[in-house]
Amino acid sequence: MLRFPDIHPVKKDAYKKIVNGFVPRTVYVSLNQDGKHTCEPIVKSGDRVEEGQKIAESGSFAVYSPIPGTVEGEELKTMPDGKINRTVRISLGGSFSFLGKKIPEADYQSFSPKALIRHIEEYGLLNTFRADRPEPLAPQLERASGYKFRLLVVRLTDEDPSRLTDTILSSVFAENVAKGIKIASYVMDAQGIVLVTEKDFKNEDAFSSLNVPCFILRTNPKQYPSAFSTHICAAVKKNTKEDLFRHISKHDLFIDASTILELYRSVSFRMPVIDRYVLVNGDCLPATGLIKVSLGTTFESVAEQCGGFVRTPDSVIVNGMVTGFSSGTLNVPVTKYVKSITFNSSRKTPWQSQALCLRCGNCRAACPLNMYPDVMYRHLTGGASAPADYMEGARYCIECGLCNAVCPSRLPINMKIQEYKNSLLNAARTEPAEEVAHVQQ
């Protein structure tokens with residue numbers, strides 16, 4: 001576990017309120033919002049669309065228009081994860097269905113859990129507990145409802161020490177987040193709830209009305225890694241004496257504050273996911289803040305709301321300096337898994353040129369699982385062979401990226417190990433029986 005003294009995020013006390021983003025004149029709505037499933041448009045160029053209208057679908061996946069306006073056709077765009085996907089270009093025009101409207105809050109308990117799961121699936125909610133690996137929320141809730149020990153784990157802080165999105169949302173919208181937790185708990189019939197908070201979290205009273213047993217795990221946000229599912233499970237087992245919470249495992253439902261808040265908004269106001277709360281910061285901007293941004297808004301347009309650039313961006317980092325993506329262009333549209341955008345100048349951008357492995361051992365010292373990332377990397381790149389048991393350890397890599405962060409040669413160690421891990425998991429198809437035994441009825 002490391003501390004990052006060089007990462008100084010703006011403290012949440014600086015955010016007195018969260019602002020609504022400018023309504024963009026043009027949006028580029030990705031047809032692939034989760035990085036996996038591509039939808040096909042059900043609208044064509046020249047069609048008029050309303051805010052929240054379905055514009056594309058594929059099976060249970062759907063995409064909705066974030067603004068009212070006119071469809072201008074399709075366009076290829078680079079996504080936040082670096083992939084190139086099709087987008088639907090929509091120009092603003094007409095009246096809004098949700099923005100500025102007072103919509104009465106619905107009683108979620110008037111619907112059955114199955115009906116709510118269908119609603120959550122239809123309106124396209126993603127679980128961004130792992131922002132680099134978003135997953136549809138509906139099947140996760142349905143699967144969790146069949147577990148023997150049904151635990152809901154809600155992280156009210158951020159796993160990346162440079163990102164404060166979930167931390168701020170949990171503080172500013174504590175009551176609504178608590179309502180979202182109640183909805184998720186109702187849908188999956190949770191037997192217990194684990195709340196992962198900062199040590200100095202001041203809004204615990206908002207969660208006092210949760211009607212199932214609750215365990216609060218206080219973490220140090222300056223330590224990393226400490227908020228991945230593996231570390232949460234270990235910390236809960238170490239700090240609880242209750243038998244129910246000692247059954248926690250990585251197969252329970254882990255969810256973040258951003259997703260919980262979207263769940264509350266979607267179920268309570270019958271609206272699809274058409275916007276995101278995004279933390280915008282970096283030394284290229286004169287101001288920073290947490291902004292509610294329409295999906296399909298380009299990064300450049302988001303920066304304009306913060307006063308435009310005072311320095312030329314040398315790097316654009318999505319979802320945090322430690323675990324995020326690097327974007328090569330400002331013409332990237334916001335998607336459902338974007339939590340933060342950091343615009344850094346050259347003086348804040350580290351040297352990126354790669355060199356040969358120095359065999360310094362930094363990656364071994366940093367690895368929280370005590371693996372040998374350098375040996376695995378050399379094996380995977382043809383530099384030297386490694387024993388089979390060394391390589392088998394890739395299955396348990398949590399992909400924290402510390403090996404990359406401490407490597408003086410700037411080698412993509414984590415990426416290579418992640419690729420190998422995925423190949424092992426795909427080949428196996430099934431997981432060890434002892435790890436999933438507790439989830440069966």
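Modeller: Let's start with a term: buried means under 20% relative accessible area, exposed means over 50%, and partly exposed is in between, using a 1.4 Å probe on protein chains only. This is a predicted model, where local features need pLDDT of at least 70 and side-chain atom pairs count only at pLDDT 80 or more, while totals for chains, interfaces and linings use all residues. Residues are numbered from 1 along each chain as its sequence is written, and side-chain values use heavy atoms, leaving out hydrogens and water.

Colleague: Okay, why is Tyr372 called partly exposed?

Modeller: Tyr372 has 34% relative accessibility, and partly exposed runs between 20% and 50%, so that's the label Tyr372 gets.

Colleague: And what makes Tyr390 count as partly exposed?

Modeller: Tyr390 comes out at 31%, so the label is partly exposed.

Colleague: What makes Tyr64 and Tyr123 an aromatic pair that is edge-to-face?

Modeller: Rings of Phe, Tyr and Trp (its six-membered ring) pair if their centres lie within 6.5 Å; planes under 30 degrees apart are stacked, over 60 edge-to-face, and the rest tilted. Here the centres are 5.8 Å apart, with 85° between the planes. Edge-to-face it is! Tyr64 and Tyr123 are both buried, too.

Colleague: Then why is the pair of Tyr372 and Tyr390 called tilted?

Modeller: Their planes are 35° apart, with 5.0 Å centre to centre, and that angle is neither under 30 nor over 60 degrees.

Colleague: How do you know that the charged end of Lys77 sits over the ring of Tyr28?

Modeller: The rule wants NZ of Lys or CZ of Arg within 6 Å of the ring centre and within 35 degrees of the ring normal. For Lys77 the distance is 4.1 Å, and the charged end does count as over the ring.
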